[in-house]
Amino acid sequence: MSFLLHGIGVSGGIAIGRAQLVSHATLEVAHYDITPEQVESEIARFDAAVKEVTRELDVLWAQIQETETSSEVGAFIDVHAMLLRDEMLSKAPRDIIATELCNAEWALVQQMHRLVEQFEQIDDPYLRERQNDVVQVVERVLTVLLGKPGVVLVQHPEQRTILVAHDLSPADMIRYKKHQFAAFLTDLGGATSHTAIVAKSLNIPAVVALHNARGLIREGEWLVVDGARNVVIVNPDKPVLAEYRLKQEEFELERQKLRRLKTKKATTLDGQSVELYANIELPTDLRDVLDSGASGVGLFRSEFLFLNRQGLPGEDEQFEAYRSVAQGLAGRPLVIRTFDLGADKHMEGISAGLDRVAMNPALGLRAVRFSLSEPRLFITQLRAILRASNFGKVKILIPMLCNIHELAQAMHLIERAKESLRVERKRFDEDIEVGGMIEIPAAVLSIGAFAERLDFLSIGTNDLIQYTLAIDRADDAVAHLYDPLHPAVLRLLGMAIRGATKAGKPIAVCGEMAGEVAFTRILLGLGLREFSMHPNHLLEVKQRVLTSDVPPLEVLATKMLRTDDPAKIASYVQRLQAA
Ligand code: PEP
Ligand code: MG
């Protein structure tokens, strides 16, 4: 039976393929069949993962001996290492792979469930608690397995696979970068959740906030995902399928046509220059940036270097990552946002204080707040960024500023990082520009103070909307309230752009709004001349810039800011598109 599901499309395009369900357990892993010939290599993959985790635990153990970390942590590592050596974890999953002909991740999670059940029966509370250690050690092995997918993951490359999950974290999504799924569907999440943002960078259609897709769709069913129209068609009939195949071709053709704009300068009809920058999560995204013809990188979400790993990336490792991008950009600007960890982006392992469960993580210790609470971590990153500034036009961007005291503290730590490099005679750009993200309403309402103290500003509309409308951007239950055209949001945008312009400081938008053509003319009308977005959207936005005449847009946008009436705003938006 064919039916339709509605959600929120986070990246356009059309995908046609078969559903692959992700396990419903807390540990979300895919389940797929393997052939008897593949058993040996699948077991080898499992063994290698166990071996790697054993090595990781040894390294962690050694690190702990060197620091003053409490011996409790060492005891946990001991327990994990012991569990991993036990046959119940190191051997039983191999038997499951061989008898059930399934992938290693699935076999491991099945065994984990069995063990957790057994632990549940134990009377002794201490021993019963050890079930958490089983889960944690299994998670470690899964992390390795997912990062090193077996050759069997895409079983039928010609039959494209659509991943259907209840929920995926941004860290999960990054792991899937290495796979070749045709599309992603999730029950949870909102349009600007970080999971959705990473899904965009995979350059494939994705629909989130489907509420119950995971429960309604069955393994192997045919699906059509229409990211632009926010729908998923389950079991499409032949005529629908044929129509969508045609649409898919048209979409591809349009994409190809846009390629011609790659080297064209983004200038409006009335001759104003607009800069279009790219957002990236990892150094490997550089290829897409260069491919899109972007003016540089306007937002490097550096915290993604901290995810999916045990332990922290050290200064040299970070430096290499930043340097490679700076050099790859050959003189074009690279704006590195200092790590925005917290909320939905968590580090694994034991190294930082972020494993504390906050009551309200989006309002908690996140971004610059976390950086200031861990000055050593922050200075390590700042030193790495500063050293990379010797290899290109690198700028520092501080996320989630709320008051000027935070800014003063951050500036102080930047100065300390500089001083330590001077002492060591390490080269860096003494005049490195420092910018701030404007993504809390309080920062917009005191924009003058920030504009005065910073070299440039960048509006994070994803968070600005979340905090203005009081909706958790990762919560599908309130995703329908996400509204970039809310009069309050538009006014805050207008106020921030005016405030920065008045102070003579450049201001960009680097939230998802910057990459949506539906908003390009509104933002131009509000005075914006710098946009930073996912590289896949850049040419479409450029096309819109090239066909826009700014003076009439400014008149309409000014009028739009005067009304509170959503119907009138909608009519202005229409007129802006037609202007
Ligand atoms: C934003 O908030 O708009 C932004 C660009 O930062 P992030 O999405 O990473 O929070
Ligand atoms: Mg943000």
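How far is an oxygen atom of ligand 1 from a polar backbone atom of G460? The gap is 3.4 Å. The legends below describe close-up views of a predicted model.

**View 1. Polar atoms of the protein meet oxygen atoms of ligand 1.** Start with R337. One of its polar side-chain atoms lies 2.8 Å from an oxygen atom of ligand 1. Now look at G460. Here the polar atom belongs to the backbone, and an oxygen atom of ligand 1 sits 3.4 Å from it. T461 also takes part through its backbone. An N or O atom of the T461 backbone is 3.1 Å from an oxygen atom of ligand 1. The protein leaves none of the ligand's surface open: of the 290 Å² of accessible area that ligand 1 has on its own, 100% is covered.

**View 2. A shell of 17 residues surrounds ligand 1.** Five of these residues come nearest: H194, R301, R337, N462 and R473. Which elements give two or more residues to the shell? They are helix α9 (194–201), strand β10 (297–301) and helix α19 (461–469). The most comes from α19, which gives three residues. The shell can also be sorted by residue type. Eight of its residues are charged, five are polar and four are nonpolar.

**View 3. C402 and C510 sit far from any disulfide partner.** A disulfide is a covalent bond between the sulfur atoms of two cysteines. How many disulfides does the structure hold? The count is zero. Take C402 as an example. The closest cysteine sulfur to its own is in C510, and the two cannot bond because 18 Å is too far. To count as a disulfide, the sulfur atoms must be within 2.5 Å. Seen from C510, the nearest cysteine sulfur is that of C402, again 18 Å away. Are these cysteines buried or exposed? C402 counts as partly exposed, because its relative accessibility is 26%. C510 is buried, because its relative accessible area is 1%.

**View 4. T558 lies in helix α23.** This helix covers residues 550–560. Is T558 buried, exposed or in between? T558 is partly exposed, because its relative accessible area is 42%. The view also includes G527. Along the chain, T558 and G527 are 31 residues apart. In space, their C-alpha atoms are separated by 10.0 Å.

Key: Residues numbered from 1 in each chain as written. Chains lettered and ligands numbered in written order. Predicted model: local features only at pLDDT ≥ 70, side-chain atom pairs only at ≥ 80, totals over all residues. Heavy atoms only, no water. Helix = DSSP H or I, 4+ residues; strand = E, 2+ residues; numbered from the N terminus. Buried < 20%, exposed > 50% of the residue type's maximum accessible area, 1.4 Å probe, protein only. Near = heavy atom within 4 Å. Polar contact = N/O pair within 3.5 Å; in protein donor to acceptor, adjacent residues only side chain to side chain. Areas by Shrake-Rupley, 256 points an atom, 1.4 Å probe, with all protein chains shown as cover. Nonpolar A, V, L, I, M, F, W, Y, C, P; charged D, E, K, R; others polar.
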